[in-house]
Amino acid sequence: MQNRRYFAIILACSFLLLAVAALGTSVARATIRPSTQTVADEGAVAPAFLGTGDHHPGVYVFYDSPGDDPAVFHNVGGHRSYKWYQLEPAEGTYRWDKTDGFLRDEAANGKPAALGLQTYAGIPGEYTTPQWVINAGMQPIECYSGGQTYHIPRYWDPVYLQKYGDFIAAYGARYRNDSRLAWVQIGVGIWEETQPAYPSRQECVQAVKNAMDADFGFTNDTQRSMKWVETVETIAQMYRNAFGPDKPVLLQNAPKFINGWEGDEWGRYAADHGIGLKHNGLLADHPGGNGTYHSAELYWDRVPIGFESYSNYLPTSNDVYWAVLAGLDKHADYFNFARDLFYNSTQYDLTVNREAFDYANLYAGRVLTNTPDVWVALRETEQPWGEPGNFNFWLYQKDNAPGGRTVAVSDAHPSAKEGRYCRRTDQATGNPYMYFDVDNDYLFGASQLVTITVTYFNWNNDRWELLYDSNSGEKAATPVGSSNAWVQKGNDYTWKKAVFVIPDGRFADGLSSYTDFRIDSRSPSGSPDGDEYIQMVHVEKGSAPPLVGDLDGDCDVDSTDLNRILATWGSVTGDGQYQAAYDLVSDGKIDLLDVMTVAANVGQHC
C-alpha cells in the first residue's frame with residue numbers, strides 16, 4: 001500500500017505541475033468573489049440613469065498611461081484631465097488632437113476613457129483659463145500667498161460663463177456620441193472641484209469673497225455661499241446640456257467654499273437634473289464620512305456615482321480594500337484611482353491592490369437585477385465623526401434581533417485586511433447570535449438554491465452553526481466539505497471562508513426580527529463555547545455547484561486539499577480512514593481517480 005501511495009503522490013504532483021502551468025496563463029483577471037458562478041455582462045440590465053449605452057463602470061486610472069495593459073493592472077479604463085487653454089488656445093480654435101489622441105490610444109489597448117477639464121489649477125503665475133477670455137473682459141482674481149501670485153477665474157462673471165459655455169458646447173458636440181468616452185468630469189473650481197481656491201491658502205479664499213462683495217455688494221457668508229452654489233449649478237447644467245442625457249457627466253461635489261450645506265444644495269440639484277456626483281476623497285474610514293458621502297448615499301439610485309483617491313489617502317492594500325467596500329456601499333459606478341495605487345517608483349507593479357480592483361470592477365454599476373450576489377462587510381468606524389455601521393450591498397446584519405447584539409472589533413489578530421474591522425458575537429451578555437436579512441427585492445419567498453459564504457476568524461477550537469429560513473422552518477445548513485451541520489474551527493489564527501449550499505432557501509423574513517438566517521456561535525448542543533468573529537457574508541441565488549476538490553471548504557484547491565486526500569488514499573467505505581466527502585467519484589473508495597481530481601483542480605478558487 002505504501003508503494004501505491006508514493007505512486008499516487010508522484011502522479012498527483014504531475015497533475016499539480018500541469019495545473020500550475022495552466023493557472024499561469026489565466027491569473028490576470030482573477031476575482032475574489034466567493035462564488036464559482038460567472039456573470040455575463042451581455043444582456044445585463046443597466047441602471048436607468050446611465051442611459052442605454054455601454055458606460056463601462058469600474059476602476060479607472062487617474063492620469064492613465066494608455067500603453068499600460070488593463071490585464072496587468074486590473075483597471076477598466078483610464079482618465080486624463082486637460083487645461084482649458086491647452087484645448088482652446090484661441091477663441092474657437094480647438095486642439096482636439098490632444099483629447100482625440102488619448103481616446104484613440106486608450107481604445108487601442110482595450111480601455112474606455114474618461115475626460116476632465118481644468119479652468120484653474122492653483123499654480124502660481126499660471127492662467128489656466130485662456131488669456132483671450134481675460135482680454136474679452138473677464139477680470140481674474142489676484143491672490144498673494146506665500147510670496148506667490150495666483151490668478152483665480154471670476155467664475156460667475158458673465159463673460160467667463162459665456163466663453164466657458166461656448167467651449168463646453170463644442171466639447172459636447174465633439175464627444176457626446178463617441179463610444180470611446182465613458183464619462184466626463186465636470187470642471188468648476190480649482191482642480192475641477194466645487195471650491196474656488198485651495199482652502200489652506202486663506203488669502204486666496206478671502207480674495208474670492210472680496211471679489212464677490214465688490215461685484216454684488218455682499219456682506220455675509222450666506223450670500224457668498226448662495227452665489228457660489230448658483231455658479232456651480234450653472235456650470236454643471238452646461239455640461240449636462242452639452243453632453244445630452246446618455247453620456248454621464250459627474251460633478252466633483254465634496255469640497256465646499258464656505259458652508260457645509262453648499263454640497264447638499266448642488267447635490268440635490270444634480271440629482272434632479274441627471275448630473276452625476278463624484279467624491280474626491282475616498283477613504284477606508286472617512287472621519288467626516290457621516291456627512292461627506294451624504295449626497296452619494298441619497299442619490300445613488302438616480303444618478304451615476306464616482307469616487308477618487310490617492311496613495312496618500314490609501315497607503316496600504318488594507319486601506320484600498322476597505323475603501324473599495326466603502327464606495328460600493330454607496331453603489332459606486334466609477335472608481336478613479338491615482339496612478340500611484342497601481343505602480344510607483346519603488347514597486348512598479350502594485351499587485352497587492354489587484355484583488356480590491358477586481359472586487360470594485362465586479363460590483364461597480366450593479367443593480368439588483370444584475371448583481372452577482374449581495375453582501376455585507378461587518379465593521380464600525382474608528383473616527384469620532386466617522387461613517388457608522390456596516391458596509392452593505394443589499395444584505396443587512398441586524399443588531400436589534402433578540403440575542404443578536406454584536407461587538408465591533410478593530411484589528412483582530414492577525415492584522416490582515418479582513419481583520420481590520422469585523423464584528424463578534426457576545427455570549428457573555430446573552431447574545432450568541434448574528435442575524436442577517438437579504439433585501440426582499442433580491443430574494444424572497446421562493447424555495448431555491450442559495451449559496452452563503454461566511455468569512456470568519458479561525459480562532460479557538462469551538463463550533464458554530466448557520467441556521468436559515470427554509471420551507472419547513474428554521475434549519476441548520478451543512479458547510480461544503482463536511483458531513484456535519486456546523487463549522488469546526490481549527491485555531492490556526494487565519495481568516496477562512498465557510499461555504500453553505502442551501503437547496504431549499506425560502507428567505508421570507510421567517511426568523512426573529514424579520515431576518516432570513518443567523519449564525520449561532522454556540523456548540524450544536526447550545527452550550528457557550530466561544531464567540532465568532534465575522535468579517536463578511538455573501539448570499540448568492542442560483543449558485544453553481546461547490547468547487548470540486550476543495551476538501552477543507554476554504555474556497556480554493558491547494559496543497560492542503562492534496563494532503564487531505566493523500567492521507568485517506570486507499571481507504572474504503574466502512575474503515576476508519578474513509579470520508580465520503582473525499583470520495584469525489586462516488587465509488588465507495590478513495591483511490592487514484594479521486595487524487596487526480598483534486599490535483600487537476602489545484603489553483604481553482606471561488
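Angles under 35 degrees count as roughly parallel, over 145 as roughly antiparallel, 65 to 115 as roughly perpendicular and the rest as oblique. This is a predicted model, in which local features need pLDDT of at least 70 and side-chain atom pairs count only at pLDDT 80 or more, while totals for chains, interfaces and linings use all residues. Residues are numbered from 1 along each chain as its sequence is written, and side-chain values use heavy atoms, with hydrogens and water left out.

**View 1. Helix 15 packs with helix 16.** Helices (H or I, at least four residues) and strands (E, at least two) are DSSP runs, numbered from the N terminus. Helix 15 spans residues 559-567 and helix 16 residues 592-600. Their axes lie 9 Å apart, at an angle of about 175°. Axes are lines fitted to C-alpha atoms, for helices over the stretch in contact, and angles run from 0 to 180 degrees between N-to-C directions. The two helices are therefore roughly antiparallel to each other.

**View 2. Residues where helix 15 and helix 16 meet.** Helix 15 brings Asp561, Leu562, Ile565 and Leu566. Helix 16 brings Asp594, Val595, Val598 and Ala599. By class, this contact has 6 nonpolar, no polar and 2 charged residues. Ala, Val, Leu, Ile, Met, Phe, Trp, Tyr, Cys and Pro count as nonpolar, Asp, Glu, Lys and Arg as charged, and the others, Gly among them, as polar.

**View 3. Leu551 in its loop.** Leu551 sits in the loop between strand 23 (533-541) and helix 15. Leu551 is buried, at a relative accessible area of 5%. Buried means under 20% relative accessible area, exposed over 50%, partly exposed in between (1.4 Å probe, protein chains only). Beyond its neighbours within four places in sequence, Leu551 is in contact (heavy atoms within 4.5 Å) with Gly481, Asp561, Arg564, Ile565, Ala581, Tyr582, Leu584 and Val598. The C-alpha atoms of Leu551 and Asp561 are separated by 5.4 Å, with the residues 10 apart along the chain.

**View 4. Helix 13 and the glycine after it.** Helix 13 covers residues 354-363, and 8 of its 10 residues are buried. Among them are Phe357, Tyr359, Leu362 and Tyr363. Gly365 follows helix 13 and has a positive phi, near 75°.

**View 5. Residues 1-48.** Here pLDDT (the predictor's confidence in each residue, from 0 to 100) stays under 50. The model has 84 contacts beyond four places in sequence for this stretch. Where pLDDT is low, the predicted coordinates should not be read in detail. The protein chain averages a pLDDT of 87, and 88% of the residues score at least 70.
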